[in-house]
Structure formats: C-alpha cells, structure tokens
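Here are some exercises to work through at your own pace. Have a look at the structure below, try each task, and then follow the solution step by step.

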Amino acid sequence: MSLLAIEDLYGGYGGADILSGVRLTVDPGEIVVIIGPNGAGKSTAMKSVFGLITVRQGRITFDGKDITRLPTQQIVRHGICYVPQTNNVFTSLTVHENLEMGAYVRRDNYAGQFDKVYDLFPPLRERRNRPAGHLSGGQRQMVAMGRALMMEPRLLLVDEPTAGLAPLFIDQIFQIVKDVNRLGIAVLMVEQNAKKALAIAHRGYVLTLGRNRHEDTGPNLLADREVAEMFLGG
Amino acid sequence: MIELIQLVLYGVVLGSIITLGAIGVSLVFGILRFAHFAHGDMMTLGAYFAFVGYVTIGLPFWLAFPVAAAAAAGVAVLIDQTIYKRLRRSDPVILLISAFGMALILRSLVQIIWGPSNLVYASGIQLPIRIGDLRIKEDHFYIVGGALVLVIGLHLFLTRTTMGKAMRAMADNVDLARISGVNTEKVVIWTWVIAGVMAAAAGIFLAMDTRLHPVMGWRILLSVFAAAIVGGIGRPYGAIAGGMVIGISEEVSTLFINPSYKAAVSFAILVAVLIYKPTGIVGARR
C-alpha cells in the first residue's frame, strides 16, 4: 500500500483552482520527484499535503488514514515533515533551537536524534549555538532539513531545496537527500533542477497546468524525449 | 554632577516601569502583529487590582501583587478570546482600532468602579534613604529589583522552556512554527498571560512611585510604545534597552526643559529612531 496517496485533488489558495485533478503516490522508502514548468502546481501539490491550501475536491491519505483538511499543526504528528522552499529556518533561533523546534510535538526521549542530525550535517555541530540567520544558504538548507529530520518522519516533503544555491552546494543537497532516503525515509521532492533530481529518484511525475502529464520511473523519464525537450534543456 | 546622577537613578526607576510595559507591547506585536493600544489601561487595571487586594481586602503586599498580576493576566486572556480572537484574520488596522476602543472601555470601567480621584497604596510620606548627596526611596529598590526579577524570569522562560521557544519561533516565522506542529492559539494565550502579568507589574510599580489614577496607564503609553519601537518592536529583549533609554532620557531632560515636556522627549527619540534606524537600536530584524 502507498504511504502517501493524493487522489484526484482540486484546490488552490481560495481563488481559482491551481490543482485540477492531481494524482500522486509515494511508497515507503521511495524518492519521488515532481517536475514541471512554472505555475504547474508542483509546490501547491506539496502544500496540499500539509493543509496549506484550500482543498475543494479529492482526498489525501497517509498510511491509510485520511488527512485531507487536517489543521497544519496536526499533520506533523502523523510522521510527515515538510521543508518549505523559502523562510524554512527560524532565523533568530540558534541552530540547536531550530532542531528542538523540529521535535516540538515529540513527547518521547529524542536526545539521541540530535547526534544523528549533527552526524548527517557536520558543519551544523560546530555552529549549534549560532543564530540560523547568520549561516550561509547551503548551511541554512541543512538546518531546514535537520529540523524536519528531528521528528524521524516516515515521509519528508522537500520543496525546491537547491533553488538559489551555488552549483557546488546543489550536488551536496542531492547527496543529502540520498543519505536521508538511505535511513529509510521516503522523500517527495519538487525540483527545478530536473535532470539531477530524476537521476536520484525512483519515480517522477511531470505536472502541467495542475494536472498529471507523465508518470514513470526516474531513469525512464530521463530517457523520454518529450520530457527531455520540455524540461531537461534538450 | 550629583543632580545628573540623581536623575539617572530616577530614570532607571522609570525605565524599569516602562520596560515591563514595553515587553508586553513587543511580545503581542511579535505574535499577533498589531499595536496593542489598550496596554496602558491594562497597566492601570493591574494597579487597581493590587489596590483591592492590599487596601480594600487587606492582604499583605507580597500576596496582593501576584494575585493582581494573575487577575490582570486573566482579563488579558478574556479580552483576547472574546474580542481580538474574532478579528485574528482582519486587517491589522481593525485590530488596532478595536484595541483603542478596549482602552476606552477599560479606563471608563476603572473610573466607574474606583472613581476619578487619586488613590494611594499607603498614605504618609516615605523618607528617602540618603547615600551621600543622593536620595533614593525604599520603594525604588523594590521597583527596580522587582523589574529585574521579572525580566530574568522572562528570559529563562523564553530560552529554557518549550513554550518560550515556541513563542520566539512563532514571532520569527509563524508558518514554519505551524509546520513544526506548534498550536499557535495556545502560544497566543501564553503571550497574553505574560503581557498581562508584565503590564500589571508595571502599573503597580507606577502607582507605588506616584499614585493610582484612571488615566495613569494611558499617560505613560506613549513612552511604553516609544520604548518598544526604539528597542525594535517584536523583540522583547530590545524592549529592555528601549525602556532604559526612554526612562533615563525623560528624567535627564528635566535638567534642560520643563518636566511637563517629558513625554515630548520620548516622542522625539521615537521619531529619530524611526527615521535613522527603523528596526530599533538592538540589531536589525530579519
């Protein structure tokens, strides 16, 4: 059974629908990538999972439970974490406090999880007491991912993690996504950098105008001529 | 020189009172994004609550103080849940006007219940303690000491407790706080509890330093807002610096100008800060 299933979803930000019948599934342990042109509804589809848009029609289930229209603050308790594209760290809080906020809803003992996150992102360990706002773009992205991983989620949603980063960091981010996935965490990622994203993905979706256009395995999408012409720069 | 030091001491006392008010204004702005104009009158209400406990009922002062603070916090939460909560999604200007209306309501209630004349916690003259040529009233020690305890308590709350961290996180980035699972309505209630306690303390200290009057809080509101903005609104730590700058400037200014223009001094500082460093004197908000 799918871990996450978005079924025939219509909705947007209160006005006209941005999503007009999106279908999408993520299986346990998968990396799934959503690509598509600007305005295709890629980020909106991701936000729908976290209750950040108005769903007009359709259903979202996680692990068999209906989570459509649940309040945002409750979604995280189900084991899904979301890393937004922008403003994804608490700039005035220290790195360590950002991680603590990631574990906000946990009531069990999660002390060991700090070490796991610091092991995954060594630069953060030595900067743990610095305000996150003082870090470089790449390090902030690490804080953002680290905050999400503090929950030990079963599914991580990542919205364009490489946007605005220098090329040097882009490969690093994709490596991190792979490392995270290796821990057994399923990843759903929206990415502009389609070629590199599909290269690490198990499966991919191409959205246009709020609808599914293609759906295939990562390698097949990379090899598809139409996809290549549209999104991969020929 | 002695006169200057004396005025700086008075400034620290006034600054302590203003700081406690400004912390509440700043916290509320950080969490709810509106200027809470009824804050001065919440200070007044807290001062009168302590009057009821200490003078009317005859409780010892150390007990009347926390009881009044708790009552003021309760009123603050009640106002929020019955009035402001309905306006949460409205334009900030609508919240601001409603806070202005709430200020008038609170002030009128105080006047109806306790009358328009001055009241005092204790009659008689308190002789100042002399240190060299400096004169300090015993109450001044309680005011500055009490403010210090409250500010340290606030600091520990904001940096050591889960709710305090959630409060800072929500002021920083409300969407990300929600995504992290923070129940924002719970944070709002805690914000009003703290703002109410701080306002009551400020009002009680102001009444100890001067006397109780229905417009006491309204009159000091400009200084409180000036302190919050000078310190960088939305940043409770800035409010401490802002409160001291405003308090000391107001008192020291009486060396040069008529004391009735004290409020104009805080207004002038406010305007200058807004022109030259609108994010406040304590760093820049990002």
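**Exercise 1. Explore how chain B meets chain A: which polar links are there, and what does chain B bring to the meeting?**

Solution. Keep in mind that this is a predicted model.

Step 1. Begin with polar contacts: seven residue pairs, with both partners at pLDDT 80 or more, are counted between chain B and chain A.

Step 2. Next, see which helices of chain B take part. Helix H6 (162-172) and helix H7 (174-179) of chain B each bring at least two residues to the side that touches chain A. H6(B) gives the most to this side, with seven residues.

Step 3. Sort that side of chain B by class: seven residues are nonpolar, seven are polar and five are charged.

Step 4. Now count the charged links. Two salt bridges are found between chain B and chain A. One salt bridge joins the side chains of A:Glu97 and B:Arg168, at 2.7 Å from N to O. The cut-off for such a pair is 4 Å, so A:Glu97 and B:Arg168 qualify at 2.7 Å.

Step 5. Finish with the extent of the interface. On the chain B side 19 residues are in contact with 23 residues of chain A. About 1900 Å² is buried between the two chains, and carbon and sulfur atoms give 56% of that area.

**Exercise 2. Find the two domains of chain A and describe what lies between them.**

Solution.

Step 1. Locate the domains. The assignment for chain A places 1-79 + 153-234 in domain 1, while domain 2 covers 88-152. Their C-alpha centres are 23 Å apart.

Step 2. Look at the contacts: 17 residues of domain 1 of chain A touch 12 residues of domain 2 of chain A.

Step 3. Consider the buried area. The two domains of chain A bury about 1200 Å² between them, with 82% of it on carbon and sulfur atoms.

Step 4. Check for polar links. The rule finds zero salt bridges across this domain interface, and the count of residue pairs in polar contact, both at pLDDT 80 or more, is zero as well.

Step 5. Ask what builds the domain 1 side. Strand E7 (155-159) and helix H7 (167-182) of chain A each supply at least two of its residues. The largest share, seven residues, comes from H7(A). By class, this side of domain 1 has 13 nonpolar residues, one polar residue and three charged residues.

**Exercise 3. Is B:Asp80 buried or exposed, and which residues does B:Asp80 contact?**

Solution.

Step 1. Find B:Asp80 in helix H3 of chain B, which spans residues 61-82.

Step 2. Read its accessibility: B:Asp80 counts as buried because its relative accessibility is 0%, and the cut-off for buried is under 20%.

Step 3. List its contacts. Beyond its neighbours within four places in sequence, B:Asp80 is in contact with B:Leu32, B:Lys85, B:Arg88, B:Val188 and B:Trp192.

Step 4. Pick out a polar contact: the side chains of B:Asp80 and B:Trp192 come together at 2.9 Å.

**Exercise 4. How many residues of helix H1 of chain A are buried, and what comes just after H1(A)?**

Solution.

Step 1. Go to residues 42-49 of chain A, where helix H1 is mostly covered, with seven of its eight residues buried.

Step 2. Name the buried residues: A:Lys42, A:Ser43, A:Thr44, A:Ala45, A:Met46, A:Ser48 and A:Val49.

Step 3. Move just past H1(A), where A:Gly51 adopts a positive phi of about 65°.

Terms used
Residues are numbered from 1 along each chain as its sequence is written. Chains are lettered from A and ligands numbered from 1 in the order in which they are written. This is a predicted model: local features need pLDDT of at least 70, side-chain atom pairs count only at pLDDT 80 or more; totals for chains, interfaces and linings use all residues. Side-chain values use heavy atoms; hydrogens and water are left out. Domain bounds come from an automatic or database domain assignment. Contact means heavy atoms within 4.5 Å. Buried area is the accessible area (1.4 Å probe) that two parts lose on being put together, summed over both. A polar contact is a pair of N or O atoms within 3.5 Å; within protein, one must be able to donate a hydrogen and the other to accept it, and residues adjacent in sequence count only if both atoms are side-chain atoms. Helices (H or I, at least four residues) and strands (E, at least two) are DSSP runs, numbered from the N terminus. Ala, Val, Leu, Ile, Met, Phe, Trp, Tyr, Cys and Pro count as nonpolar, Asp, Glu, Lys and Arg as charged, and the others, Gly among them, as polar. Buried means under 20% relative accessible area, exposed over 50%, partly exposed in between (1.4 Å probe, protein chains only).
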